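Here are some exercises to work through with the structure open beside you. Try each task on your own before reading the solution.

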Amino acid sequence: MTGNIIPCFEAVRQLWEYLDNAISPEDQQKVEKHLAFCRTCCGELEFAKELRSFLASGSAEEIPAHVKDRLERFVEGL
Amino acid sequence: MEVRPGGMSEHALQDRTKEAFQQLAVAELPALYSLARRLVRDGAEDLVQETLLRGYRSFTTLKDQDAAGPWLKSILVNLFRDDLRKRARSVEEFGVDKVDDFSLYRTLITEDPFPYSDTLHDDFLGTFGTHEVREVLLRLPEIYRAPLVLHYMEGWATKEIARMLDVPLGTVLARLHRARKRFESEMWAYANDAGLLAKGAAR
């Protein structure tokens, strides 16, 4: 059904929501149909996955010792 | 002095509450500081102090002490939100921005910054350490930065974020969408500005 074929820009726009399972089943189907024939968008999808895990695993900035000391003293003084 | 059932005086009870809070708070300091640093350019330490103060005052409302971490973080986000409203500096961007159609993936394959690389994306992402990611985050307006940090880095559900930031869920979703695009395009811009691509290619 040609009505279900969406262009790349529309597929790309929904990729993260697709990964989050945050789009309707119909839209999900449209994205999947697009991915079935579009290699570039498959690459987009893989990259979106990588970027998501990159953000999730991004190491937290360590608290400098002097700041930690100051904040601990602040807590003690409450 | 009023004596409570169980023989504990009001004063002793307060001491115990204070001690319990202090213990919890100290354990959460690294996580609170890290969140604050991702949300604000300056004043992360002040934001944590304010959080601790407000948390201490309302500590008795915390029912489950195992949830102290998320509870303190949500206080921090509330304070951040209130401050943002006061300053009203970060304004919503309406309409279609050209950044909405930016694709870092397509930019990478077209520009090919690491010509002899088989793992273009890993190489690109690998040039970003904690410092660089923070710099990119800080290039985003706060209204986009906050949902991105809270959802993708801190793991909060979008519904929770809507509650904490006191905006409709649809607004959070729309801002998240733009935030991702802004983040991708600022990552590319930062990599160019900071010479990360040259460094990465030379490795």
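The exercises below concern a predicted model, and each task is followed by a worked solution.

**Exercise 1. The fold of chain A**

Task: Work out how many helices and strands chain A has, and decide whether chain A is spread out or a compact globule.

Solution:
- Step 1. Chain A holds five helices and zero strands, giving the pattern α-α-α-α-α along the sequence.
- Step 2. For 78 residues the globule rule gives 12 Å, but the radius of gyration of chain A is 21 Å, well over that value, so chain A is more spread out than a compact globule.
- Step 3. Along the principal axes, the C-alpha atoms of chain A fill a box of roughly 70 × 25 × 15 Å.
- Step 4. Now look at burial: 22% of the 78 residues of chain A count as buried.
- Step 5. Finally, take the contacts in chain A between residues at least 6 apart in sequence: 62% of these join residues at least 24 apart.

**Exercise 2. Two residues of chain A**

Task: Find where Ile6(A) lies and which residues it touches beyond four places in sequence; then do the burial count for Ile6(A) and for Asn21(A).

Solution:
- Step 1. Ile6(A) sits in the segment before H1 of chain A.
- Step 2. Leaving out residues up to four places away in sequence, Ile6(A) touches Ala11(A), Lys30(A) and His34(A).
- Step 3. The cut-offs are 20 or more neighbours for buried and 12 or fewer for exposed. Ile6(A) has 18 other C-beta atoms within 10 Å, so it is partly exposed.
- Step 4. To get a feel for distance in chain A, pair Ile6(A) with Ala65(A): they are 59 residues apart in sequence and 53 Å apart in space, C-alpha to C-alpha.
- Step 5. Asn21(A) belongs to the loop between helix H2 (15-19) and helix H3 (25-37) of chain A. With 8 other C-beta atoms within 10 Å, Asn21(A) is exposed.
- Step 6. Check the backbone too: phi of Asn21(A) is near 55°, a positive value in a residue other than glycine.

**Exercise 3. Where chain A meets chain B**

Task: Describe the side of chain A that touches chain B by helix and by residue class.

Solution:
- Step 1. The contact brings together 24 residues of chain A and 25 residues of chain B.
- Step 2. On the chain A side, helix H1 (8-13), helix H4 (39-57) and helix H5 (65-76) each supply at least two residues.
- Step 3. H4(A) gives the largest share of this side, eight residues.
- Step 4. By class, the side of chain A that touches chain B divides into 14 nonpolar, three polar and seven charged residues.

**Exercise 4. The two domains of chain B and the core**

Task: Locate the contact between the domains of chain B, then decide where the largest nonpolar core lies.

Solution:
- Step 1. Chain B is divided into domain 1 (10-87) and domain 2 (98-202), and their C-alpha centres lie 28 Å apart.
- Step 2. Eleven residues from domain 1 of chain B and 13 residues from domain 2 of chain B take part in the contact.
- Step 3. On the domain 1 side, helix H1 (10-39) and helix H3 (68-87) of chain B each supply at least two residues, and H3(B) provides the largest share, six residues.
- Step 4. That side of domain 1 of chain B has five nonpolar, two polar and four charged residues.
- Step 5. Look at H3(B) itself: its 20 residues reach 29 Å from first C-alpha to last, close to the 28 Å expected at 1.5 Å a residue. Among its buried residues are Trp71(B), Leu76(B) and Phe80(B).
- Step 6. The largest nonpolar core has 57 residues, and those with the most contacts inside it include Leu32(B), Leu76(B) and Ala146(B). Both domain 1 (10-87) and domain 2 (98-202) of chain B give residues to this core, so it lies between them.
- Step 7. For a local view, follow Ala146(B), which touches Leu39(B), Phe80(B) and Leu165(B), not counting residues up to four places away in sequence.

**Exercise 5. Around H9 of chain B**

Task: Classify Ala174(B) and Asp166(B) by their C-beta neighbours.

Solution:
- Step 1. Ala174(B) is in helix H9 (residues 169-193) of chain B, and 14 C-beta neighbours inside 10 Å make Ala174(B) partly exposed.
- Step 2. Asp166(B) is in the loop between helix H8 (158-165) and H9 of chain B. Asp166(B) has 10 C-beta neighbours inside 10 Å, so it counts as exposed.
- Step 3. Phi of Asp166(B) is near 60°, a positive value in a residue other than glycine.

Technical notes:
Residues are numbered from 1 along each chain as its sequence is written. Chains are lettered from A and ligands numbered from 1 in the order in which they are written. This is a predicted model: local features need pLDDT of at least 70, side-chain atom pairs count only at pLDDT 80 or more; totals for chains, interfaces and linings use all residues. Two residues are in contact if their C-beta atoms, placed from the backbone, lie within 7 Å. Ala, Val, Leu, Ile, Met, Phe, Trp, Tyr, Cys and Pro count as nonpolar, Asp, Glu, Lys and Arg as charged, and the others, Gly among them, as polar. The radius of gyration is taken over C-alpha atoms; the globule rule is 2.2 Å times the number of residues to the power 0.38. Domain bounds come from an automatic or database domain assignment. The expected span of a helix is 1.5 Å times one less than its number of residues. A nonpolar core is a set of buried Ala, Val, Leu, Ile, Met, Phe, Trp, Tyr and Cys residues joined through C-beta atoms within 7 Å.
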